[in-house]
Amino acid sequence: MTVLSLTASACVTVHGEREVVPAATKAEAAEALKEFTEAYNAADKAYDPALDAGRVTGALGAINQAGLKARSVNYPDGNPQHVPLELTDAKYTIPKKAGWPRWFVADVDSNRDRDNGTADNRWVLVFLRNGADQLWEAAYLTILSPTRIPAFRTDKDGWAEPVAPDSAALAVAPRNLSEEYASYIQTGKPEHFKDGLHTSGWRADRKKNANVPGMSTQYIDQPLETDDFAPLALATEDGGALVFFTVRNYERQTAAKGLRPKVHPDVKALLTGEVKSTITKERIAGQAVAVPPAGGAEAGKVTVLGRLTGLTAAKGS
């Protein structure tokens, strides 16, 4: 995969940490998107993680920074195939809330797809900041077809409604999703994730690849839910919510006696230790899921709409 200087929102008062106010103005949201795009392009062109380090955080930040670090090793002169990213047709969903962090969603069209048919998609970015003196940073990115993006619940002024991490109004509280998804991917339980590419399909792929001639693979999945990795949720018109959350995945490959695991150059660039018979790869993944309301016909059936994952570390032994 793959700089900001904003003043505090005009909506924020001296006691803004206690006031229920829009997280940003639409002008500030547009400026945040613009500055993110410029920093992203500079970093991608030079393969220099320092150039957008202040514009990314959370799951997207971990993936972006590790990817740029790896490519900077393998392409020290920069990206020979750089094409500037263009993000247009922006639609901003900005919640009203008290306290920090404040955040908003930008649904944009990118120049990385074809704008018709099954190849058409949208970038859904979540921007986050933890104080009036901090920069807006992109914490999550999910790439979805336009029809997969839910309609958000808004008030008469067009502001969205955030959902509390411990909300009992949803089939699964946002704060529980990271732990439960990590458990499901590893064990198959709890069983309230709908079948699909990022659920039953992913488990089937793991089972298929766990034991191949000359190589065995083990997996460990862990929740990641503190600080800028914490879940963020917006109420949707159907009474449910769109929730963004993070997990950490480990993949440990062990070669049979006399063999050695193959190491891709991008993996080698992030490698510590020496690969003799085993390599452990660490990945961070950001998910966007649709959670239905509690008590409905689809109670408990969480739909994983999209998942962005990237290698963040590797260790040999």
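# Inside the predicted fold: questions and answers

Me: Let's start with strand 13: how many of its 14 residues are buried?
Reply: Happy to, and keep in mind that this is a predicted model. Strand 13 is largely enclosed by the rest of the structure. That follows because the buried residues in strand 13 number 10 of the 14.

Me: Which residue of strand 13 stands opposite both Leu271 and Lys281?
Reply: Strand 13 has a parallel pairing with strand 11 (residues 271-272), made over 2 bridges. With strand 12 (residues 278-291) strand 13 runs antiparallel, and 12 bridges join the two. Leu271 faces one residue of strand 13 across the pairing, and Lys281 leads to that position too. The residue opposite Leu271 is Ala314, and the one opposite Lys281 is Ala314.

Me: Is Thr312 buried or exposed?
Reply: Thr312 sits in strand 13, which spans residues 303-316. Beyond its sequence neighbours within four places, Thr312 contacts Ala62, Ile63, Ala66, Leu270, Glu282, Arg283 and Ile284. Its relative accessible area is 18%, and the cut-off for this class is under 20%. Thr312 is therefore buried.

Me: Which strand gives the largest share of the largest nonpolar core?
Reply: That core holds 45 residues, and those with the most contacts inside it are Phe36, Leu60, Leu87, Phe104, Leu125, Phe127 and Phe244. The largest share amounts to 6 residues, and it comes from the strand covering residues 122-129, strand 5.

Me: What does Leu125 touch, and how many residues are in the second core?
Reply: Leaving aside neighbours within four places in sequence, Leu125 is in contact with Leu33, Phe36, Leu60, Leu87, Phe104, Val105, Ala106, Val108, Ala138, Tyr140 and Leu141. A second core is separate and includes Leu177, Phe193, Ala241 and Val243. The number of residues in that second core is 21.

Me: Which strands are the edges of the open sheet of 4 strands?
Reply: The order across the sheet is 2-4-5-6, with antiparallel pairing. An edge strand pairs on one side only, which fits residues 87-93 and residues 137-144. So the two edges, reading those ranges in turn, are strand 2 and strand 6.

Me: By how many degrees are neighbouring strands of this sheet turned against each other on average?
Reply: Strand 4 (residues 102-110) and strand 5 show how neighbours pair here, in the antiparallel sense over 7 bridges. In that pair, Phe104 stands opposite Phe127. With direction ignored, the average turn between neighbouring strands of the sheet is 25 degrees.

Me: Which strands of the sheet does helix 2 touch?
Reply: Helix 1 packs on the sheet, where it touches strand 2, strand 4, strand 5 and strand 6, and its direction makes about 140 degrees with that of strand 2. Helix 2 packs on the sheet as well, with its direction at about 85 degrees to that of strand 6. The strands helix 2 touches are strand 5 and strand 6.

Me: What is the relative accessible area of Thr57?
Reply: Thr57 lies in the loop between helix 1 (26-46) and helix 2 (58-74). Not counting neighbours within four places in sequence, its contacts are Leu128, Glu137, Ala138, Ala139 and Asp228. Thr57 is buried, and its relative accessible area is 12%.

Me: Are helix 3 and helix 4 parallel or oblique to each other?
Reply: The axes of helix 3 (residues 174-187) and helix 4 (residues 200-209) come within 9 Å and cross at roughly 45 degrees. Tyr181, Tyr184, Ile185, Gln186 and Thr187 of helix 3 meet Ser200, Trp202, Arg203 and Arg206 of helix 4. By type, the residues of this contact split into 4 nonpolar, 3 polar and 2 charged. The crossing angle means helix 3 and helix 4 are therefore oblique.

Me: Which residue in the turn between strand 7 and strand 8 has a positive phi?
Reply: Strand 7 (residues 211-212) and strand 8 (residues 215-224) run antiparallel and are joined by 2 bridges. Val212 has Met215 as its bridge partner. The two strands form a hairpin with 2 residues between them, and the residue with a phi of about 85 degrees is Gly214.

Me: How far apart in space are Arg148 and Ala290, C-alpha to C-alpha?
Reply: Arg148 is in the loop between strand 6 and helix 3, and it is partly exposed, with a relative accessible area of 37%. Arg148 touches Thr303, Val304 and Leu305, not counting residues up to four places away in sequence. Arg148 and Ala290 are 142 residues apart in sequence, while their C-alpha to C-alpha distance is 9.6 Å.

Definitions and conventions. Residues numbered from 1 in each chain as written. Predicted model: local features only at pLDDT ≥ 70, side-chain atom pairs only at ≥ 80, totals over all residues. Heavy atoms only, no water. Core = buried A, V, L, I, M, F, W, Y, C linked by side-chain atoms within 4.5 Å. Buried < 20%, exposed > 50% of the residue type's maximum accessible area, 1.4 Å probe, protein only. Contact = heavy atoms within 4.5 Å. Axes fitted to C-alpha atoms, helices over the stretch in contact; angles between N-to-C directions. Parallel < 35°, antiparallel > 145°, perpendicular 65-115°, else oblique. Nonpolar A, V, L, I, M, F, W, Y, C, P; charged D, E, K, R; others polar. Pairing = 2+ DSSP bridges.
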